[in-house]
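Work through these short exercises with the structure open beside you. Try each task before reading its solution.

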Amino acid sequence: MKEAILPQELQTIYLTILIVLLPFAAFILNFLFLNKSKASGWVSTIAILISSIFSIFVFTAIWNGPVIHVQTIWFTIGDSQVHAGLLLNNLSVLMLALVPLVALPVHIYSTAYMKDDAGYGRYFRYLSFFCFSMLALVVVDNLVLFYAFWELVGFASYLLIGFWFDRPAAVQANKKAFIMNRIGDIGLLTAIIIIYTLFGTFDLEKLFGAEGFVTRYSYIENGTWSFYLNHVLHVPVSRGWTVMAPHTVTQIPAIWQYVAFGGIFLGVAAKSAQFPLHTWLPDAMEGPTSVSALIHAATMVAAGVFLLGRVYPMFNTTELNILAAVGCFTAFMAATIALTQTDLKRILAYSTISQLGYMVMAMGIGAYASSLFHLVTHAFFKCLLFLCAGIVIHQIKHVKEDNHLDIDPQDLANMGGLRKKLPVTFVATLIAGLALIGLPLTSGYLSKEGILVQAFEWAELKGGAFMLIPVFASITSWLTAFYVARMILKVFYGDMNLSKLYPNITIHIGDGGWRYQLPLIMLALCSLFPLFSLNPLAHSGWLTGGLPQYGQYTAGLVELMVPVIINVGSIAMLYYAYMAYIKQRDKVAAQPSLLHRISFNEWYIDAFYQRVIVRAVMTFSKALYWFDLKVIDGLVNLFERIARCIAGAAAWFDKYIVDGLLHLAAALVAYIGGIARRFQNGKVQYYLFSMLLAVIVVFILKILIWNS
Amino acid sequence: MSVVQLAFYFMALVTLGSALTVAISKNLVRSIFMFFITLFGLAGLYVLALADFVAVTQIVIYVGGILVLILFAFMLSGKEALEAAQKQSSRFVSLKNLPSLLLALFFLVVMINVIFKADVANLQWLKEANGTQNVIGVNESMINNIGVNLMTRYLLPFEAISVLLMLALVGAAHLSRKEDMRG
Amino acid sequence: MITLTDFMVVSAVLFCTGLFIIVSKKNAIQILIGIELMLNAAILNLVAFGKYDRVNNSGQIFALFAIILAAATTAVALAIILNVYKQYKTINPDQIKDLKD
């Protein structure tokens, strides 16, 4: 029943494979041949450039067009076949286009940003490796491969966070990121195993497609989670059909459905830095800023949201509510923390967490399309913000090195008044910042207002305590406006604080060459509205049209009122911040109050983990170590001692009894030999003496004894 | 106790005393001269045994020949030998000499024992010699008789001894020649 | 009256003294003296028994032969001692253990 694959589809498939494999080829090339060469940067950049061009082709071919799903048998265990293949639908190609488009500016930027670093070649090796893993992650069609690449992006992230492995902080940070991601990975693996147990396949399309098992043929009833298929099912596999045997019934207790959700949630929380597992992301800023821009702002951290998008049909209402609550809480918490941080990159890190919280919340309230839309827009403007921060930090570092100052180049206190020195950076930051706040004319407005509007509509339908979610989301939005304003004002406005602190330093800073400016301009253009919607005041874009909608909404007054209220509030916050920081009229936010302390110390979550979990784990480890040392090793040592005693006895027996006999025989022979030898000592008188002695003995015997 | 017996005991005392001194003395020169006295004492004993010609020969050959030879050898063997000889332990009964002493005493005991057991005074041929007057008298001179006997009865041993003596002299001269004269 | 036993006792003592010297002394010349003492002990016996042979004088004549032989052996022995001294720079028989190579 399988139809041949059409030629244009074949071309798309080959292009996709090329897109994925080009960064890998760059990685291999760099790894094998260009270890120290500066050419490695350009090899990686050209690879990602070609990938991005092809990805646009693939995107236009697939978007709102036919789904391509090809696969081949990967391996067979017993009766179950595991397939490996490509799944290109709207979600896949959206990510497939997004990743190289964000990665390209980052690559160009990196060739300049990392040019003086000793690990230049290593950096691009890792970066290409990451791009390969991320691209493969979005196009694979089954959970096993998905999990494999999920691990690989985590590993690449681990390598890049610890890129400067001679800094203890970087080592700590990448360890932390790795351990937290491990927790999430275990959750994801658990979920995959449970899903396979029930449905007997890893195939994403079979499981979560429009006619998928999870979507249509499984339900929870009377405490069991059942998979019931009573007719021949044709699952589309790229113009062909896979036939499932009819009358398949599998049941497992319903609790496993919740366990699977919990596992997936853990995976998402770890990868996308949601509330319980978010603390690794701020620490991950120890990596190079360009890496933070690509991995920890735009792409890898969005993988969690992407996973939610892939497995979305699995969740029931309760689970979605949990997602919404956690996402909202994360967004609000991270925004409050971002208010008071003094480290430029940490502000951006918490802002990323906050925006990821928005996306997860959007998933929870059913704003599937808006969530992914926000993912895309956020990738561009957050990447842009990080690159701008990178330039600022880089320039401050130059000042520091030129004048031999002992300052932290990432501290906001050392900046200020950079607007005139770094005009391009300033404009780019401004655009990105406004997009982050969600003001009209930017891409951020389109996606964020969409989420907020749907949140209000959703809460209105549910009523009661659910109203808290849109309210807190709105507050978060205003807080976002405030901290963005604070950051921009502190960095670019006012006077140069360094000049005030160290009056006699020379400051030679600038925007840098085209390799700095080109990525900024590219990303800044992508952060404006025309790319996504021709109507600057819509709260959706053409992207949302291509993605499924799961929520039910009642269009009404909310749709008009929410954006107005949010934006008025945001502008008020901007004004307040301007007054607070520029006019110095009000210093309420700078007071070391309780709220300030909670915010500054990041809600004490890290300290709590350190005190409770880490200490508990350490104590437990110590106990285990003690057990191992005293009991297990003790047993081993006891055996050793017993064996030694036996061996000692054997050795004693061998030495004194067996060898003793031999030695006794040898000693006897030696003794007799010694006696005999003494007669041969070469002394004439001794010979004579012996002879005479013999004679006298004969005489004595003969005469005195024998005869008498 | 006759004068002859007294003379015998005196001579025996001189001979044995000087011989023991030779044995005890650590000084080589002294022992050589004590040996000289021993030889004289022995010559006296020969006289008492009615062998005056042997006694004279003893003095001429031993004292005049052998002793002088020994002295020469001692002097030629140099100062070092002299010192080495004088460095020997001064005690007669040292632990080192004890085995030798015991051996000598054993020999003495055995020999005395044998001598007394042999009862030489009652030997058959001695009685016959007494019976046929074949005993040298005290006033007889045996020199004439010895000369006749040497040239008649003991001519062959006499000649053999002469040849041997010559061989010994040649050998001694050969041995003591200078090393570089061989070539 | 001097009996044969008297002579033999003196001879035995003299012989044992010579034997002691031979075994115990560390000087070749002294050992030679010891040998001479033993020879003389034997000669004394010959002479003592020679009294009972007035006709043939065998005892005395063999005593003479013995004296002459002793002189000859002494000459040879002293020549050997001198050569040994030249070779080893010592006449202690304990130290003369190596054959000439």
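**Exercise 1. Chain A as a whole**

How many helices and strands does the secondary structure of chain A come to?

*Solution.* Remember that this is a predicted model. Count the helices: chain A has 25. Now the strands: there are seven. Next, burial. Of the 708 residues of chain A, 46% count as buried. Last, contacts. Take those in chain A with a separation of 6 or more; residues 24 or more positions apart account for 78% of them.

**Exercise 2. One helix of chain A**

Find α16(A) and describe its length and its surroundings.

*Solution.* Start with length. α16(A) has 15 residues. From first C-alpha to last, α16(A) reaches 21 Å, close to the 21 Å expected at 1.5 Å a residue.

Then check burial. A residue counts as buried if 20 or more other C-beta atoms lie within 10 Å of its own. In α16(A), 11 of the 15 residues are buried, so this helix is largely enclosed by the rest of the structure. Among the buried residues are A:T425, A:F426, A:I431 and A:L434.

Finally, look just past the end of the helix. There, A:G438 takes a positive phi of about 95°.

**Exercise 3. Two helices that pack**

Work out how α16(A) and α18(A) are arranged: parallel or antiparallel?

*Solution.* Two packed helices are described by the angle between their axes and the distance between the axes. Locate the pair first: α16(A) covers residues 423-437 and α18(A) covers residues 468-492. Their angle is about 170°, and their axes are 9 Å apart. Angles over 145 degrees count as roughly antiparallel, so α16(A) is roughly antiparallel to α18(A).

Now list the contact. From α16(A) come A:F426, A:T429, A:L430, A:G433, A:L436 and A:I437. From α18(A) come A:T480, A:A481, A:V484, A:I488 and A:F492. Sort these residues by type: eight are nonpolar, three polar and none charged.

**Exercise 4. Chain C against chain B**

Which element of chain C gives the most residues to the side that touches chain B?

*Solution.* The contact takes 62 residues from chain C and 74 from chain B. On the chain C side, the elements that give two or more residues are α1 (4-24), α2 (28-50) and α3 (58-88). α3(C) gives the most, with 19 residues. By type, this side of chain C divides into 40 nonpolar, 15 polar and seven charged residues.

**Exercise 5. Annotated spans in chain B**

Compare a record with the model for two spans of chain B.

*Solution.* An unreviewed UniProt entry places "transmembrane region" at several spans of chain B, including 6-25 and 154-175. In the model, residues 6-25 are 95% helix and 0% strand, with end C-alpha atoms 27 Å apart. Residues 154-175 are 95% helix and 0% strand, with end C-alpha atoms 31 Å apart.

Terms used. Residues are numbered from 1 along each chain as its sequence is written. Chains are lettered from A and ligands numbered from 1 in the order in which they are written. This is a predicted model: local features need pLDDT of at least 70, side-chain atom pairs count only at pLDDT 80 or more; totals for chains, interfaces and linings use all residues. UniProt positions are given in the numbering used here, feature names are shortened, and annotations may be inferred rather than shown by experiment. Helices (H or I, at least four residues) and strands (E, at least two) are DSSP runs, numbered from the N terminus. Two residues are in contact if their C-beta atoms, placed from the backbone, lie within 7 Å. Ala, Val, Leu, Ile, Met, Phe, Trp, Tyr, Cys and Pro count as nonpolar, Asp, Glu, Lys and Arg as charged, and the others, Gly among them, as polar. Axes are lines fitted to C-alpha atoms, for helices over the stretch in contact, and angles run from 0 to 180 degrees between N-to-C directions. Angles under 35 degrees count as roughly parallel, over 145 as roughly antiparallel, 65 to 115 as roughly perpendicular and the rest as oblique. The expected span of a helix is 1.5 Å times one less than its number of residues. A residue is buried if 20 or more other C-beta atoms lie within 10 Å of its own, exposed if 12 or fewer, and partly exposed in between; C-beta atoms are placed from the backbone.
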